[in-house]
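Notebook open. I want to look up the fold, one strand and the cysteines, and jot down what turns up.

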Amino acid sequence: IKVQQGRESELKKCINCLRCFETLMSLNAQGLPLECKSIKSFIVPEGVKRLEELTFCECENLKSITLPSTLEYIGAWAIMDCAIESITLPESLSSIDLSALGHNKALKDVYVSWKEPITDLDHPFNNSFSSPGEPYPATLHVPNGTKHLYEQAPVWKNFQNIVEDISTDISTDIPTISTDD
């Protein structure tokens, strides 16, 4: 892990402690990618709203990352050059910057639960799959009944396979019948 000179002790205190995620991010906010070759999976804690640029850039053995339901933004190159095979983008996410998920050649499945595709995107999958203009070979998993929206939306329409296989919570739409005795 590359860290600003003089701050190594801060990193040593928190590398094995998820509670110190904010400390890691503050170190990263100085523009220092973690570049940790030993991280294979990571759970971003609930409550985190932003993954700043370069956060997990070049963590080349990172195969699994769990994003919290509170995440709103993924910065440029945040999860770039990793070995991510599958990723679920939380419903709270509203903005994804340039190449945020770029160069993830192993990426096979992207799961989204938005009823309408988000549009605040800046080529988040650059060079993950293919040359510009070619369809992404990964499968995009979308909520039932929304495939047609994703097939027309910028970025999302570039996925070669779009599959409707995500159920949305419809418990509030279920009519109830009451009887008076």
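Before I start on side chains: I call a residue buried when its relative accessible area is under 20%. Also worth keeping in mind is that this is a predicted model.

Strand β5. I looked at residues 86-89, which make up this strand. Which side chains here are buried? I87 and L89 are, and they point to one face. S86 and T88 point to the other face and are not buried. That fits the textbook: side chains in a regular strand alternate between the two faces of the sheet.

Neighbour of β5. I checked the pairing with β7, residues 109-112, and found it parallel, with four bridges. I87 has V110 as its bridge partner in β7.

Whole chain. I count three helices and nine strands. In sequence order I read α-α-β-β-β-β-β-β-β-β-α-β. The chain has 181 residues, and 41% of them count as buried. About 10,100 Å² is exposed, with 48% of that coming from carbon and sulfur atoms. I also looked at contacts between residues at least 6 apart in sequence: 38% of these join residues at least 24 apart.

Cysteines. How many disulfides does the structure hold? Zero. Why is C59 not bonded to C82? Their sulfurs are 5.4 Å apart, which is too far for a bond, because I need the pair within 2.5 Å to call a disulfide. C82 has C59 as its nearest cysteine sulfur, so at that 5.4 Å it is in no disulfide either. C59 is buried at 0% relative accessible area, and C82 counts as buried too, at 7%.

Terms used. Residues numbered from 1 in each chain as written. Predicted model: local features only at pLDDT ≥ 70, side-chain atom pairs only at ≥ 80, totals over all residues. Heavy atoms only, no water. Buried < 20%, exposed > 50% of the residue type's maximum accessible area, 1.4 Å probe, protein only. Helix = DSSP H or I, 4+ residues; strand = E, 2+ residues; numbered from the N terminus. Pairing = 2+ DSSP bridges. Contact = heavy atoms within 4.5 Å. Areas by Shrake-Rupley, 256 points an atom, 1.4 Å probe, with all protein chains shown as cover.
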